[in-house]
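The exercises below go through one structure step by step, and each task is followed by a worked solution. Please look at the chains before reading on.

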Amino acid sequence: MTAPAAAPDPILEVRDLTVSLPGGLDRANAVEGLGFDVHRRQIVCLVGESGSGKSVTAAAVMQLLPRRVLRVTGGTIRLEGRDLTAAGAAQMCRLRGNRMAMVFQEPLTALNPVMRIGTQIAEVLRIHRPDMAAAEVEARVLALMEDVRLPDPAALRRVYPHQISGGQRQRVMIAMALALEPALIIADEPTTALDVTTQAQILRLFRDLLTHHDSGVLLITHDFGVVADVADHVVVMRHGRMVESGPPGQVLTRPSHPYTRMLIDAVPRFRFRAAVPAAAAPALQVSNLQLTYRSRSFTGKKRETHALDDVSFTIDPGETLGIVGESGSGKTTLARCLLRFEMPDSGQIRFGGRDLAAASRRDLRDHRRRIQMVFQDPYKSLNPRRHVGQSLVEGPVHHGVPKREAAERAAGLLEMVGLGGDAMRRFPHEFSGGQRQRICIARALAMEPEIIVADEPVSALDVSVQAQVLELFEELRRRIGFSMLFITHDLRIASNICDRVGVMHRGRLVEIGRTEDIFRNPGHAYTRELLAAVPGGALGTAGER
Amino acid sequence: MMNRRDLASLLLAGLATVTLIGGPAAAAEPKTLKVSPHASLRVLDPITTNAYITRNHGYLVYDTLFSMDAGFRPQPQMVQSWTVSDDKLTYDFVLRDGLAFHDGAPVTAEDCVASLQRWAKRDLVGRRLAAATAEMKAVDPRTIRIVLKAPFGQMLQALSKPSSFVPFIMPKRIADTPPDQNITEIVGSGPFKFVAGEFQPGVKVVYERNTAYVPRSEAPSAMAGGKVAKVDRIEWISFPDMQASVNALKKGEIDLIENMTADVKATLDGAADVVIQKRSGKSAATIRFNWSQPPFSDVKVRKAVQLAVSQRDYMDAIIGDEDAYQICPSMFICGTPMESNAGVVGTVEADLAKAKAMLAQSSYKGERVVLITPNIVSFSGLAPLTQQVLRSIGINAEIQTMEWSTFLSRRTLEKPVAEGGWNLANAVFTTLDLYSPLANLNFDARGPGAYTGFVNDPKTEALKNTFAAESDPAKQKAIAEEMQTRAYDQVFYIPLGIYNNFAAYRSNVRNFIDSSIPVFWGIEKN
Amino acid sequence: MGYLILKRIAAAVPVVLVVATIVFFLLRLSPGDPAMVLAGDMASPQDVAEIRARLGLDRPLPVQYATWLGEMARGNFGVSILSKQPVLDLIRARLEPTFVLAFCAIVLTVLLAVPLGAIAAWYHNSWIDRVVMAMSVAGFSIPAFVIGYLLILGFSMSLDLFPSQGYVSPFDDPLAAARHLVLPSLTLAVVFMALIARVTRSSVLDVLGEDFVRTARAKGNVERRVLWRHALPNAAIPIITVIGVGVALLISGVVVTESVFNIPGVGLLTIDAILARDYPIVQGLILFFALVFVGVNLLIDIIYVVVDPRIRY
Amino acid sequence: MALASAPPPSPARRLLATGAGLARSRTLVIGGGLLLLLVLLSLCASWVTATDPLQIRPRARLRAPDWTYLFGTDSLGRDVFSRVLHGGQVSLMVGLLSAALAAAVGTAVGLLAGISRLVDAVVMRVVDGLMAIPSLLLAVAIVSLVGPNLLSIVSAIAIAEVPRVTRLVRGVVLTVREEPYVRAAEGLGIPTPLLLVRHILPSCIAPLVVQTTHMIAAAILAEAVLGFLGVGFPPELPTWGNILAEGRPVFQRAPWTIVFPGLFLGATVLAVNILGDGLRDRLDPRLARTVKATP
């Protein structure tokens with residue numbers, strides 16, 4: 001229908017797209033009046049915070065919106081000129097996987113767990129090319145696996161999704177998406193669930209594939225780092241509407257909309273703190289901590305996982321020590337050991353003149369008051385059935401503080417973390433994620449701890465909120481002066497908040513030292529690898545002094 | 001009408017016959033009678049248990065020296081002839097020809113002596129006989145001699161004792177088993193053979209015709225007369241509830257239901273191809289008192305209850321069908337030789353005013369009395385109605401329902417209620433339990449240790465001894481009447497009326513002998 | 001696999017031991033005296049005492065327990081008090097009808113309830129879903145004996161399609177056996193079907209919310225194939241688990257069903273034994289049922305490994 | 001552990017949960033209403049009918065329903081209507097008490113399992129053992145051995161249900177224990193028993209309520225089955241199980257002796273189950289997931 005314009009025909013043409021929400025919500029439409037194009041061999045990034053409608057847009061294009069809940073009520077979606085909003089169910093089945101394919105965020109759950117990966121890749125071919133010979137299908141599957149650089153395709157196609165790593169799973173997803181050379185690949189946060197180093201590899205793969213294949217990519221992300229790395233065109237969304245769009249160079253460096261600017265400014269970047277003079281005696285001294293998980297597989301083989309392998313470090317009073325590393329490196333286990341949720345096999349945790357690792361149950365109670373934790377997920381770390389006041393008062397009261405006094409202090413703390421005193425009588429679900437994390441911090445502080453262990457305290461938050469919470473940490477530390485063990489996977493965040501930083505890899509602390517020293521002159525190969533993988537390298541350096 | 005399933009089972013049965021029996025027998029189609037008995041057969045030894053079902057099983061497999069006819073008279077069965085000495089102390093019994101056990105061995109006098117001795121250790125009448133006996137021996141292979149110490153007028157009644165325990169004759173090697181141990185091999189000389197290989201306790205019992213059996217020439221009458229087996233095979237199939245067997249009979253899945261109440265019978269009225277027959281044997285419901293404990297140790301309290309009872313109310317409430325019950329004050333049951341109305345008090349209609357007056361004179365002070373009852377169907381209406389009767393004259397009665405076995409052990413306790421004892425219990429008997437003044441448990445008046453209730457009346461015991469020695473029927477009757485008058489006066493127990501049960505069978509079944517005990521000779525199936 | 005089976009068997013031993021202990025003390029500590037039953041109506045106290053001594057009922061409880069456990073371990077489940085036959089023989093003689101009945105009920109359930117549940121999940125909140133769920137609730141709410149009687153009244157007495165009672169072995173006469181099995185299997189299966197349909201529905205609903213189902217759709221699978229090829233195999237684990245746990249339900253059902261349809265199986269034996277206070281049989285039966293339960297669940301653990309590659313022990 | 005920012009539940013998703021909950025409350029109303037009606041009828045039995053449920057009328061047995069005897073009379077001439085209503089009191093009480101007992105004991109034991117691994121191991125072995133005994137059989141065995149009375153029947157039915165509750169509660173305990181907010185409370189130095197009661201128990205309430213309603217239904221049925229098998233309450237006590245058992249032999253002759261108590265029993269169990277389903281839809285947090293499932 002549309003007459004070919006001067007520019008090559010877009011593969012995907014979204015015009016005036018409106019997806020309506022059921023009544024009774026804070027807004028009427030999940031997506032409103034959205035329009036953009038995707039061309040061949042082009043990566044278009046749809047970027048925005050949670051609730052911006054970017055995922056709904058992807059589902060709308062695939063026509064995979066939840067039935068009876070979300071409906072396309074306006075606009076057109078054209079795939080290679082065909083209007084998808086008018087396509088029937090059978091026609092959509094023919095198009096999906098064939099002319100357009102999708103890669104999802106969490107590759108573990110997105111793959112059928114009880115089907116061999118080779119079969120899952122082959123399924124796309126079997127559905128859309130029913131007359132393809134079995135040998136041909138097999139050959140194509142192997143070729144695809146080769147294409148996405150999966151090792152040893154012949155063996156790997158017989159295994160199940162749980163037997164391979166996250167990165168490999170995502171490669172399988174991509175192989176499935178590429179199977180029939182679709183015109184459009186939609187990738188919904190394809191790297192969010194992956195470790196940084198893997199994320200970098202997968203993004204590289206996306207870029208490379210465009211040089212071999214003729215597809216266009218619609219990539220959905222919340223991460224401006226990713227945008228900076230791969231985008232050919234950027235669409236920024238907020239509350240279901242497009243805020244701004246353009247080539248990345250323009251949007252990232254000269255954003256025209258204040259919201260975009262705010263988002264970009266909130267992206268953490270390397271920024272080191274001034275050095276703190278060393279103290280005479282450390283607040284906490286960990287030496288030779290060792291923890292090994294043993295399991296026995298049903299073939300009788302023993303499997304050992306060194307969660308902590310000879311870990312030693314100290315934290316000075318008032319100091320923030322960062323622990324960085326990828327998932328499975330033992331960061332969280334370390335935190336759990338410090339709070340004695342987990343019992344180390346050997347080693348010492350010297351704190352307040354006593355060895356926590358050997359403390360009795362009764363000693364433990366006293367110690368737990370002096371060392372408090374802030375958890376990753378603010379949605380799960382407050383008891384949903386108790387109001388905020390109760391959660392804040394519970395600990396101090398239990399340790400002998402009179403109720404009235406504890407309540408007064410709690411109110412003061414809420415004030416301090418930026419929430420009004422009326423927060424005391426409200427329930428956690430009435431607060432946003434950032435506010436809840438503030439409450440969690442207040443709860444920890446209510447115990448007047450000497451050390452706070454913060455386990456990925458901002459990674460579940462939107463970037464703009466992240467920045468605010470990090471600022472809060474800084475401010476509180478200045479005012480109260482506690483020591484902190486700050487666990488994060490994000491080196492940029494670590495650079496902002498940590499005096500010193502330790503790098504963990506497979507249970508070992510491979511390197512520890514002043515943050516700036518480590519990041520500027522990494523001594524260990526793994527640290528170098530981590531630094532190289534930080535997304536949005538361009539942005540990162542831009543933020544550096 | 002024959003449907004496919006019948007055809008299939010016929011074919012199958014035919015096939016089985018060919019393979020199992022083979023030869024000429026294969027030509028004739030075996031006649032199998034499928035019966036729903038009143039209970040599941042579990043214990044096979046009729047001397048270790050007094051269960052009716054085991055007794056009925058005994059009548060199929062075993063034979064007896066004498067047996068009782070429809071007029072409650074003893075008739076010779078295995079015995080050809082007998083003589084009594086003039087002093088009435090020596091009896092000689094001669095066995096008839098052609099008697100043989102199922103294992104092929106002939107029946108000898110020795111077998112009979114061993115069997116009688118085993119029986120006499122268990123049975124009440126048997127014990128009485130044994131007590132009166134000086135010697136019992138085999139004079140020759142066909143002659144049994146019993147020498148008495150004192151005259152025993154009930155000799156033939158004892159040897160023909162129809163209900164448990166029955167003096168069945170079994171091979172000596174088996175009869176030598178101690179009477180409290182179950183025999184393991186079921187070999188008799190009766191008209192049917194027990195098929196041990198097909199016996200499944202609680203499921204199925206199988207009997208085959210004893211082709212070698214020589215029946216007497218007389219016509220069958222109750223347990224007496226010629227026992228001619230006319231079906232080849234009898235299967236007793238257990239049913240968990242009555243309704244299931246009624247349905248099975250309606251559908252022709254079984255041929256005969258041996259025993260059912262009037263209520264169940266009513267559901268079969270008008271069913272196609274089903275014949276209903278009123279059974280001549282009757283059941284008798286009773287209230288029994290615990291004499292060993294107050295308040296019923298006081299005869300006035302017992303009399304008060306006696307006056308408050310109406311047999312008609314009981315019969316209407318638990319039976320309902322007027323054709324199926326009978327108001328019968330006779331303690332030896334109407335229709336038997338000893339039936340009499342001597343000494344009857346109250347019973348038919350209640351006289352509440354008189355009852356209350358009697359109670360007022362008694363030692364009853366309004367204390368709680370405990371009525372124990374087993375949780376089985378034939379008892380179900382008795383206890384609630386008894387409670388209602390007692391309450392109507394101001395006796396505060398509580399029902400305690402329990403397991404049959406608990407009931408049995410509980411009612412032997414002579415302790416106060418507070419220590420686990422009891423005050424009242426309902427009991428149900430059959431004609432055969434009660435027609436004989438000697439065997440009638442309601443007249444066990446030995447006091448402590450006697451049959452449950454512990455009736456204590458030496459006068460009655462003395463009367464029974466006189467009765468046992470007496471052989472003149474007229475005098476016997478007079479003694480029985482005296483016993484009944486005494487029992488009514490002292491209120492040994494209260495009879496609540498008697499009722500009939502019913503048998504039902506497919507219309508192709510004929511000649512089901514009307515007997516108190518269901519017997520399976522004479523019966524035919526076309 | 002061998003290691004797995006060994007390990008599971010080892011884990012089952014304490015369970016069986018616990019059951020044995022519970023059963024022993026439950027029965028021994030209760031009132032009601034088996035010696036009394038055995039002695040009968042007119043026995044003297046001496047008779048009863050004699051019988052009690054012969055059965056070993058007069059010895060101290062711990063001694064009885066130890067003796068009993070030892071006998072059990074040697075496979076001697078004792079002798080029925082009433083019929084004097086070895087308990088093991090009695091149970092063995094009753095196995096076939098019960099297993100045939102249970103097998104038919106399970107097959108019926110899997111063939112009917114699983115598809116019904118899956119379809120209900122697929123048409124979530126539609127009238128089909130409501131009908132299936134209503135049937136399932138009703139199945140839970142009507143006692144098995146009522147269902148049994150209704151089936152007999154309708155299909156046996158009125159329509160004369162099936163026999164009203166009894167059992168014919170399928171090894172003797174398959175046709176007659178089938179006719180005899182239809183109504184009892186249905187009766188037994190009703191509760192089970194209600195349970196399985198329900199679990200299938202919720203399990204499929206859960207799976208339908210999983211990401212890989214979205215992936216399957218994104219690949220261009222038609223909806224039917226998404227349900228049968230992707231959702232159902234993944235929903236299998238909870239369904240199989242419930243089939244295992246449901247065996248207990250089936251055993252309880254067997255007791256009632258066999259009693260309604262007069263099927264000479266283990267269930268009928270159970271009722272008879274309990275009503276007659278036949279201790280050794282009751283003990284043997286409860287242990288037997290526990291073994292069946294443990295065995296079935298062991299089997300299910302093995303099936304897990306087959307259907308779900310993620311599970312390892 | 002996960003490095004990703006798990007996005008908070010979108011408004012759409014939250015809306016879905018409440019929306020569906022409202023739609024489902026219809027089942028709550030139907031189940032609750034029906035149950036309320038039946039309970040009221042039973043509780044007010046003495047006002048609804050003046051007839052004594054125990055009064056035997058020798059010359060009015062097996063009367064078909066008419067205006068004097070709404071549901072007819074049984075084989076002893078007792079008024080079935082009065083018996084059914086009065087029987088409801090016992091049956092409902094058995095249902096409530098057994099479910100409450102099972103829930104209480106099961107919860108206590110389940111929480112106990114949360115205290116330490118050793119306690120857990122011991123408790124779970126016993127629970128597994130109880131679980132392996134078919135519940136009906138266990139109940140039949142207990143009642144027929146101890147003797148039938150309210151206490152024995154209620155506890156027999158309850159014992160059979162305890163393992164299920166224990167497993168349910170233990171499952172919740174083990175899951176919730178790992179929740180950060182419980183960890184946080186533990187970190188505050190709250191001792192384990194208080195932790196169990198204050199922070200973990202409330203999470204058990206919703207599934208427990210649902211389970212308890214279904215247990216009430218199961219218990220009412222169990223009482224009926226016990227009655228049917230002849231090991232229930234003493235026959236002189238009118239309960240639905242006993243009324244059904246007494247009607248059994250005369251069923252084909254006097255169907256009203258079975259039909260009316262059967263209807264009441266069925267309706268009550270159905271109402272309780274529907275109520276349970278309604279509650280499940282209302283309270284079960286998994287509802288959110290089921291909504292997401294809609295294609």
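**Exercise 1. Find which residues of H9(C) meet which residues of H10(C), and describe how the two helices are arranged.**

Solution. In this predicted model, the residues that H9(C) brings to the contact are C:Phe212, C:Val213, C:Ala216 and C:Arg217, and they meet C:Val226, C:His230 and C:Ala231 of H10(C). Sorted by class, this contact has five nonpolar residues, one polar and one charged.

Next, take the geometry: helix H9 of chain C covers residues 211-218 and helix H10 of chain C covers residues 223-261, and the two pack at an angle of about 140° with their axes 10 Å apart. Because angles over 145 degrees count as roughly antiparallel, H9(C) is therefore classed as oblique to H10(C). The last step is the handedness, and the crossing of H9(C) and H10(C) is right-handed.

**Exercise 2. Identify which chains share the most contacts, and describe the side of chain D that takes part.**

Solution. Five pairs of chains are in contact, and among these chains C and D share the most contacts. Here 37 residues of chain D are in contact with 38 residues of chain C. Several helices of chain D each supply at least two residues to this side, including H4 (117-132), H8 (192-228) and H10 (256-283), while H5(D) gives the most, with nine residues. By class, the side is made up of 22 nonpolar, 10 polar and five charged residues.

**Exercise 3. State what joins chain B to chain D, and how far chain B lies from chain A.**

Solution. Chain D has 22 residues in contact with 23 residues of chain B, and by class this side of chain D has 10 nonpolar, six polar and six charged residues. Between chain A and chain B, however, there is no contact, and their closest C-alpha atoms lie 46 Å apart.

Methods. Residues numbered from 1 in each chain as written. Chains lettered and ligands numbered in written order. Predicted model: local features only at pLDDT ≥ 70, side-chain atom pairs only at ≥ 80, totals over all residues. Contact = placed C-beta atoms within 7 Å. Helix = DSSP H or I, 4+ residues; strand = E, 2+ residues; numbered from the N terminus. Nonpolar A, V, L, I, M, F, W, Y, C, P; charged D, E, K, R; others polar. Axes fitted to C-alpha atoms, helices over the stretch in contact; angles between N-to-C directions. Parallel < 35°, antiparallel > 145°, perpendicular 65-115°, else oblique. Left-handed = near helix turned anticlockwise from the far one by under 90°.
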